[in-house]
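Hello,

Here is the structure I promised to pass on to you. Please have a look at it first, and then read on for my notes.

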Protein chains: 4
Amino acid sequence: MIATHTLVSFFLETRQHTENICKPLEIEDYVVQPIVDVSPPKWHLGHTTWFFEEFILKPHKPNYQLFHEDFAFVFNSYYENVGKRVVRNDRGNLSRPGVAKVYDYRQYVTNEMRDFLLNLSANSEEDISPEIKEVLLIGIHHEKQHQELLTTDIKYILGNNPLLPKYDDSFNENPLQNAQQKWIEIKEGIYEIGHKNLEEFCYDNELGRHKVYLQDYKISNKLVTNAKYLEFINANGYKDFNLWHAEGLDWVKQNNISAPMYWHNIEGEWHQYTLKGLQKLNLEAPVSHISYYEAFAFTQWKECRLPTEFEWEVAQQNFEWGSRWEWTESAYLPYPGYTKAPGAIGEYNGKFMVNQKVLRGGSVATSPKHTRATYRNFFQTNLRWQFTGIRLAK
Amino acid sequence: MIATHTLVSFFLETRQHTENICKPLEIEDYVVQPIVDVSPPKWHLGHTTWFFEEFILKPHKPNYQLFHEDFAFVFNSYYENVGKRVVRNDRGNLSRPGVAKVYDYRQYVTNEMRDFLLNLSANSEEDISPEIKEVLLIGIHHEKQHQELLTTDIKYILGNNPLLPKYDDSFNENPLQNAQQKWIEIKEGIYEIGHKNLEEFCYDNELGRHKVYLQDYKISNKLVTNAKYLEFINANGYKDFNLWHAEGLDWVKQNNISAPMYWHNIEGEWHQYTLKGLQKLNLEAPVSHISYYEAFAFTQWKECRLPTEFEWEVAQQNFEWGSRWEWTESAYLPYPGYTKAPGAIGEYNGKFMVNQKVLRGGSVATSPKHTRATYRNFFQTNLRWQFTGIRLAK
Amino acid sequence: MIATHTLVSFFLETRQHTENICKPLEIEDYVVQPIVDVSPPKWHLGHTTWFFEEFILKPHKPNYQLFHEDFAFVFNSYYENVGKRVVRNDRGNLSRPGVAKVYDYRQYVTNEMRDFLLNLSANSEEDISPEIKEVLLIGIHHEKQHQELLTTDIKYILGNNPLLPKYDDSFNENPLQNAQQKWIEIKEGIYEIGHKNLEEFCYDNELGRHKVYLQDYKISNKLVTNAKYLEFINANGYKDFNLWHAEGLDWVKQNNISAPMYWHNIEGEWHQYTLKGLQKLNLEAPVSHISYYEAFAFTQWKECRLPTEFEWEVAQQNFEWGSRWEWTESAYLPYPGYTKAPGAIGEYNGKFMVNQKVLRGGSVATSPKHTRATYRNFFQTNLRWQFTGIRLAK
Amino acid sequence: MIATHTLVSFFLETRQHTENICKPLEIEDYVVQPIVDVSPPKWHLGHTTWFFEEFILKPHKPNYQLFHEDFAFVFNSYYENVGKRVVRNDRGNLSRPGVAKVYDYRQYVTNEMRDFLLNLSANSEEDISPEIKEVLLIGIHHEKQHQELLTTDIKYILGNNPLLPKYDDSFNENPLQNAQQKWIEIKEGIYEIGHKNLEEFCYDNELGRHKVYLQDYKISNKLVTNAKYLEFINANGYKDFNLWHAEGLDWVKQNNISAPMYWHNIEGEWHQYTLKGLQKLNLEAPVSHISYYEAFAFTQWKECRLPTEFEWEVAQQNFEWGSRWEWTESAYLPYPGYTKAPGAIGEYNGKFMVNQKVLRGGSVATSPKHTRATYRNFFQTNLRWQFTGIRLAK
């Protein structure tokens, strides 16, 4: 069991890190919501704060005073169990509460939480109950998830502004892969999948460690590079309907897709908007910001396929990962024996287990200590604003 | 290898059966398309005919004269490889060619096919080539699939008409299940899945017989009845968001769903539109015309789950099936080693392998000899106009 | 006051004429509704019949038996005062009642009406009351309006079918204008506008004869020809935003408009779908099937304008009209003193008096004796499926 | 001719007034765009500045340096003649340029303009040319129009925020009308309409003073009050379809309209969000924030009508006006002889002359010296975010 003071440090570091991510922003950047999937940074700051207020302070801290009675309404998210949600689409229309007020809210809740936790732990007879510890850990990891979303949402906000402002010169989103490409071969047989659930934190969707039977397969040690993806584009891959799912082809046509998100062809030369600003396309960097549909079409063109999430998990110790969320062929489904936790916390994962694909690994935007080999990320097949990439299997 | 004369009989019987399905229709019923998923009966008649003309007569019969040069345009479907398709949504706007003309087209192609096949087979030196046999079999099974769609589309057209006309008094869509409910128990272990691919016809998506590892599970010997589903409704199941996927809940709200398709509450008493016309709801019949979302929510309410398609296939010899297409928890994905056939035939299955669910079994509308234990049907999670049902697992 | 036997003849002729219009149709043509503005011919046949049943037979004929109790639901139109309307968009999904049944309905109501009217008139003491006469006249003129819609809706149904079937070889929709173009000059001053309301039938929107003050103006004696409109196209008129209303330009862009409806450029040569089938564009015929937006842009390009409806009415005795409905610059608004009649009849005109434009004249599809110099037709500014044309003023 | 120094003062006062309107705002309030009709305050500040840069400084000031080369793209509006416009819908997604930068832009252009104008006027031989004076005046009045929009857009942004923040305690948007209600009677005859075009500024759409013939009419000396409008609501006016245009009724149903914008029924008591914050509904204040559809339905219920714009203009000296923009029955159409000015300035008015209604008068948000008796404001019939009201005629 993690010691309380370690937990408190973890909590405070996480709170601080969220605010560090926002340091390069101007106040105006906190407010806008250009598409429904992207939330205003201000909202992320408030929502992660509301989580601790709603699930720890309100039920557990004696005489806790809400910071503002309307904030639960404004910063609640998808939790049907906790009051009427704000339609997600509206977040970008709310100029108030202002940014300063949201930071006050953060500070207030952080302080209240710290006092509450230290107080409990100082009192040797009661310490923090396992139930509160569990919710606290979920809250911390919830905030870490939003740290990644903050980064990708900021990228979207700035990268879709006609002035293309940079975010931070020190953010290297395009790390190179040094190894030579080779195929890792895995033998047919029974393998174990899922989290071992001992000391380390994990989400409920990783639990239920169980056996799966895999066939012989090969998986690449490297992610697909921009150079390779450019070959696909130049070979007219976006036009060759034989490579695409019917649904993917409709998506390509309706949205006039002809390259990954953030690519700009400027006078015949490919550029990419990055968190450092607009740059010439780095051919050796792993391709990013592609939908599942594009990832699939690319594999078809290479006469390969995407790995399943099980193949990925079994093979992952043999390659480097963590710079791109890797689309898998696996649909996001419950593991054997999965059941939703009761109440609002139970809405966290289970209710999204339909019509989404699992992504494995992590990305340059993933918060430190937030991902692991059993982590199951998931998104709809058309989404591109995350740092998504491709690893081939066959 | 199936003898040619057997194949020719199979072909002719299939062609005739399609037309038998349409016998109760008035000419006007052949024309309309009330929703995009439902095609006008006239179109099914033409499309199944065009398949034989396009893939057998045109490429293989010497000097074959097209019945009408524009019909390929009118009756082509989703085949991107064969010319510009008609947007599916427009089928219901085409009054011409008229029904009589479409029957002429059928007769012409049926006769040309028969002459072509018998001629080949009469000529002992050449007989029908395996390639043509394969396309012929696909064409016949393709037409059998459309026979089921014809039936369900006719039900939709008549069942959404304010006059609620009946289709055919002899069509019993609500067969009873005589057995007592019990749980069939299957032991953890390795099982083989997929078609054995010997003599019997199957689709490419069933091939690639392979091992899977299953955990201990139980599966019901009976389908869920209308009586049980009514309990779910009466327990306010459509309102309890904890039972639903987020996406399913949105679907319920946007479409004001509160009962299966074709249920009508008339002065407090539940009725169902059936192919025999409007009837009092038969409580002992298996529930039908529900979406995957509803099937899932019902299982949650019962604290059970849907079986995977693998669990279904392994257990199916222990229960009766065939009156409802049974939603499974499995996403529709390729089996190991699956590759699309080249050309238009290859568009048949592979390009739909995303964001759909597998259904197993068959239904009262499925054509004779068309389904089997390895058959993988698939639909989007919101669709209800097929005879879909629920089998519980846990 | 019109004599009853004259009225009965007028009624019977009108009923017959509607059916004559449909003679060239196949049954399938009666059923489809390709766009919301176009109704299935079957619906027009039923709706014009329902009018007499609802407003004359039901309230006035003793012991009248409805032909079918559900038909009011199926064939009602926009009349909020008479029960729940069928959403207009659904008309094309109704295969039943079938065409034969609808003709039975017509025959039944026509006979019942004839008997009712002759009976009344034979009974010298009561004859037909003025109230019934008025509704009867409205019903007849209502049916004449639908005769024009039947013709234009049939043109749309056939002209948007890939087989481009012809309607009737004897229908000349492109009469030539023999006169030389000249400008008719009208002097500034006070003029009287509106119907004189003596013996002749007119709609309520023409009543309230009143004075208007007109400035000096000139109006062309001829309609704009296809040749002139082609000059506008060739001068890039559809691309020159200075010629268009902002709303019109959006409409052009969203719908990719580049020529009048029914024009087809086939290998560089302009053709037009007409009721006689596809033909080479007749350059001397008056342009037809253009929206108000296009009519306006054309006038801007010619540095002219459209006449107001008042200018048109004052000048009309000096030129030939009747082959095209002529867009005017006038918005469709009530004349001074206009009040809606009470009840359903009152919904006829008044409730459309916003965001529509007045068209004056008549067209090749207008029924005999249906239009007159004071007639105020009206449509939304984007609609093109009527035989609409342009007359210049300045 | 206005003296140059007067013009310069007028320019500087106007620039200052715009900024005064924004004084109560927080930075976040400048950024959002909750609906397409409402622009972010930041955009208004930039757009009114861009107008002077684009049409005066760029073409006329020697060696003028653009403040930022991309700002024309960001702050251009509907002017098709001046480069590619930003789709209006996107304005609310732009966090950059930030508010401070936009104020820098304002300051820069204001200073450059002042220097340019004073320099010209100091140079006795050239002074400001009439052409520049005209554009300058248009620019100033253009900014005054945006001052009104700024106010109404700010009201929308704050009034649709769940916290309902107030704007400014000193802004009285609900002035009372002291007079007793009476009917002003105007006699039938010829009247002159339009601006006299001497010294006073006016827009091109007011020019072309011309005669119209009016019938006898009566017009109320007072605007309809909230009390009267509440009677309409309580009499079920929103449900009585006989009162509404067909299009208006669709609008009511689709948008669930049951009261003016900004009305809130809180525990049975009507409140109104005002620029002073939420307040109890002032029954004696003139009703505001209603659409044309609602204004029309109210007049029907009162068995009256709206005045035409001509009736309003002729009668206006007999009553007080200026607190509400008054919907008229007149469609927004060109006066006789109207022609668009060439180039971008010509896009100002003419291209909106379709499917909009004229509003006369002015409102509590109208800038000082910006309206006059001949001023023709215009909006689409569904819009409510302006301070719109109702004056009865009959």
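Below is what I found, beginning with the contacts between chains and ending with single residues and pairs. Please keep in mind throughout that this is a predicted model.

**Chain B and chain A**

Let me start with the interface of chain B and chain A. Each side gives the contact some residues: 38 come from chain B and 38 from chain A. Together the two chains bury about 2,900 Å², and 52% of that is on carbon and sulfur atoms. What is the count of salt bridges between chain B and chain A? The count is 0. Polar contacts are found, though: 10 residue pairs across this interface, with both residues at pLDDT 80 or more.

If you would like to find this surface on chain B, look for β3 (210-214), α7 (246-254), α8 (292-301) and β8 (325-331), the elements that give two or more residues to the side touching chain A. The largest share is from α7(B), with 5 residues. By residue type, this side of chain B divides into 16 nonpolar, 10 polar and 12 charged residues.

**Chain A and chain D**

Next comes the interface of chain A and chain D. Here 30 residues from chain A meet 30 residues from chain D. The buried area is about 2,400 Å², with carbon and sulfur atoms giving 59% of it. On the chain A side, three residues are worth picking out: A:E28, A:R96 and A:L163 supply 31% of the area that chain A buries against chain D, more than any other three residues.

How many salt bridges does the rule find across the interface of chain A and chain D? It finds 4. In one salt bridge, the side chains of A:R96 and D:E26 meet at 3.9 Å, N to O. The count of residue pairs in polar contact between these chains is 8, again with both at pLDDT 80 or more.

On chain A, the helices α3, α4 and α5 each supply at least two residues of the side that touches chain D. Of the elements, α3(A) gives the most, with 3 residues. The residues on this side divide into 17 nonpolar, 8 polar and 5 charged.

A residue to visit while you are here is A:N93, in the loop between α3 (71-75) and α4 (99-122) of chain A. Is A:N93 buried or exposed? With a relative accessibility of 18%, A:N93 counts as buried, because the limit for buried is under 20%. Apart from neighbours within four places in sequence, A:N93 is in contact with D:V32, D:Q33 and D:P34.

**Chains that do not touch**

Two pairings of chains make no contact. Chain A and chain C do not touch, and their nearest C-alpha atoms are 14 Å apart. Chain B and chain D do not touch either, with their nearest C-alpha atoms 14 Å apart.

**Salt bridges**

Side chains of opposite charge can pair when their charged atoms come close. Over all chains, the count comes to 84 salt bridges. One of them joins A:E173 and A:K155, whose closest N and O atoms are 2.8 Å apart. A:E173 lies in the loop between α5 (130-159) and β1 (183-186), and A:K155 in helix α5, so this pair ties together parts of chain A that are 18 residues apart in sequence. Both A:E173 and A:K155 are buried.

In chain D you will find a salt bridge between D:E173 and D:K155, with the closest N and O atoms 2.8 Å apart. D:E173 and D:K155 are both buried.

Another salt bridge joins A:K228 and A:E231, with the closest N and O atoms 3.8 Å apart. These two residues lie in helix α6 (residues 226-234) of chain A, 3 residues apart, about one turn of the helix. A:K228 is partly exposed, with a relative accessible area of 37%, and A:E231 is partly exposed at 38%.

**Aromatic rings**

Over all chains the structure holds 148 aromatic pairs. Take D:F379 and D:W385: their ring centres are 5.6 Å apart and their planes are at 80°, so this pair is edge-to-face. Both D:F379 and D:W385 are buried.

In chain A, one aromatic cluster is formed by A:Y229, A:F232, A:Y238, A:W244, A:W263, A:W270, A:F298 and A:W301.

Enjoy looking around!

Best wishes

Conventions. Residues are numbered from 1 along each chain as its sequence is written. Chains are lettered from A and ligands numbered from 1 in the order in which they are written. This is a predicted model: local features need pLDDT of at least 70, side-chain atom pairs count only at pLDDT 80 or more; totals for chains, interfaces and linings use all residues. Side-chain values use heavy atoms; hydrogens and water are left out. Helices (H or I, at least four residues) and strands (E, at least two) are DSSP runs, numbered from the N terminus. Buried means under 20% relative accessible area, exposed over 50%, partly exposed in between (1.4 Å probe, protein chains only). Contact means heavy atoms within 4.5 Å. Buried area is the accessible area (1.4 Å probe) that two parts lose on being put together, summed over both. A polar contact is a pair of N or O atoms within 3.5 Å; within protein, one must be able to donate a hydrogen and the other to accept it, and residues adjacent in sequence count only if both atoms are side-chain atoms. Ala, Val, Leu, Ile, Met, Phe, Trp, Tyr, Cys and Pro count as nonpolar, Asp, Glu, Lys and Arg as charged, and the others, Gly among them, as polar. Rings of Phe, Tyr and Trp (its six-membered ring) pair if their centres lie within 6.5 Å; planes under 30 degrees apart count as stacked, over 60 as edge-to-face and the rest as tilted.
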